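Work through these exercises with the structure open. Each task is followed by a worked solution.

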Amino acid sequence: MIKDKVILITGASSGIGAATAVELASKGAKVVLGARREDKLRQIAEDIRAAGGQAEFTALDVTNPNENDAFVSLAKEKFGRVDAIFLNAGLMPSSPVSALKTAEWKQMVDVNITGVLNGVAAVMPTFLAQKSGQILATSSVAGLKAYPGGAVYGGTKWFLKDFMGVLRMESAMEGTNIRTATIYPAAINTELLDTITDERSAEGMKSLYATYGISADRIARVVAFAVDMPEDTTVNEFTVGPASQP
Ligand code: NDP
């Protein structure tokens with residue numbers, strides 16, 4: 001059941017995160033949105049409320065552990081508990097390794113890996129105390145298959161495959177009832193390409209997305225499916241993308 005579940009979403013100011021907030025709220029979830037652009041979050045929360053849903057939001061930089069803690073605290077303060085967290089914030093400044101865009105490599109590691117770990121560290125004490133909870137994360141097909149330009153991005157997304165897999169196994173062994181779901185999207189039309197500064201990578205990606213890209217609501221529906229599953233069931237991994245993309 002989704003209705004009345006309290007669900008935190010990082011990277012909720014655009015794309016997949018925003019679409020998921022709208023989808024889950026439309027099914028009765030109480031959603032808490034986090035990202036750096038507060039103005040965008042405010043608008044999405046207002047739209048959800050105008051449609052009869054429940055939403056709170058706060059500015060969140062996932063690289064900052066204290067802000068992740070405050071994000072979880074806000075949910076508990078407003079709604080009393082946390083049922084799920086969707087660790088979705090991420091960026092993809094693709095480039096060939098030889099371009100040596102070292103600041104962008106660090107940014108991807110900070111947001112796509114450390115940002116996820118900060119979210120997990122912030123929410124785990126609550127889930128352990130409740131003896132239940134669900135952690136969902138957005139990886140990428142880029143984390144399953146190597147491609148030129150995606151060395152560091154793909155590495156940060158592969159990290160999720162391993163981390164979430166181990167988390168699921170440990171939870172089962174420890175009996176903590178913390179369920180996981182990892183989603184591996186292919187080309188989804190969002191703002192993701194805006195962070196690419198390498199011209200050739202940007203050109204290639206824009207052409208790929210123009211040919212194949214589908215709407216972010218498709219991923220939102222998959223997340224909703226995973227959240228809707230009964231407590232005794234975990235749907236671990238989904239690969240989702242355009243039917244036409246090879
Ligand atoms: P968007 O660029 O539209 O969304 C990215 C989100 O991440 C934004 O809400 C952005 O918000 C947030 N974000 C970035 N940095 C931070 C930060 N430091 N702290 C908090 N939030 C941050 O792209 P998508 O919706 O496509 O991306 C969502 C996820 O999906 C990412 O993890 C991406 O890697 C993954 N993905 C996307 C695919 C696609 O084809 N679109 C394919 C596979 C995976 P703000 O700037 O306001 O902080």
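**Exercise 1. Place Leu100 and state whether it is buried or exposed.**

This is a predicted model.
Step 1: Leu100 sits in the loop between strand S4 (84-87) and helix H4.
Step 2: Look at the backbone. Phi of Leu100 is near 50 degrees, a positive value in a residue other than glycine.
Step 3: Count neighbours. Leu100 has 10 other C-beta atoms within 10 Å. The cut-off for exposed is 12 or fewer. Leu100 is therefore exposed.

**Exercise 2. Do the same for Asn177: which loop holds this residue, and what is its phi?**

Step 1: Asn177 lies in the loop between H5 and strand S6 (178-185).
Step 2: Its phi is near 55 degrees, again positive in a residue other than glycine.
Step 3: Asn177 has 17 other C-beta atoms within 10 Å, so this residue counts as partly exposed.

**Exercise 3. Check the length of helix H2 (residues 38-50), then find its buried face.**

Step 1: H2 has 13 residues. At 1.5 Å a residue, the expected span is 18 Å. The end C-alpha atoms are 18 Å apart, which agrees.
Step 2: List the buried residues of H2. They are Leu41, Ile44, Ala45 and Ile48.
Step 3: Look down the axis of H2. The buried residues fall within an arc of 100 degrees, so they line one face.
Step 4: Recall the helix repeat. An α-helix has 3.6 residues a turn, so residues three or four places apart point the same way.
Step 5: Turn to the face away from the buried side. Asp39, Glu46 and Ala50 are exposed there.
Step 6: Find the cover. The buried residues of H2 are covered by elements including helix H1 (15-26), strand S2 (30-35) and strand S3 (54-59).
Step 7: Move just past H2. Gly52 takes a positive phi of about 95 degrees there.

**Exercise 4. Describe the shell around the ligand: which residues come nearest, and which element supplies the largest share?**

Step 1: There are 32 residues around the ligand. Gly11, Gly15, Arg36, Arg37 and Gly90 come nearest.
Step 2: H1 and helix H4 (102-130) each supply at least two residues of the shell. The largest share, three residues, comes from H1.
Step 3: Sort by class. The shell has 14 nonpolar, 13 polar and five charged residues.

**Exercise 5. Locate Phe163 and explain its exposure class.**

Step 1: Phe163 lies in helix H5 (residues 151-174).
Step 2: Phe163 has 19 C-beta neighbours inside 10 Å, so it counts as partly exposed. Buried needs 20 or more.

Notes. Residues are numbered from 1 along each chain as its sequence is written. This is a predicted model: local features need pLDDT of at least 70, side-chain atom pairs count only at pLDDT 80 or more; totals for chains, interfaces and linings use all residues. Helices (H or I, at least four residues) and strands (E, at least two) are DSSP runs, numbered from the N terminus. The expected span of a helix is 1.5 Å times one less than its number of residues. The arc is that of the directions from the helix axis to the C-beta atoms. Two residues are in contact if their C-beta atoms, placed from the backbone, lie within 7 Å. A residue is near a molecule or strand if its C-beta atom, placed from the backbone, lies within 6 Å of it. Ala, Val, Leu, Ile, Met, Phe, Trp, Tyr, Cys and Pro count as nonpolar, Asp, Glu, Lys and Arg as charged, and the others, Gly among them, as polar.
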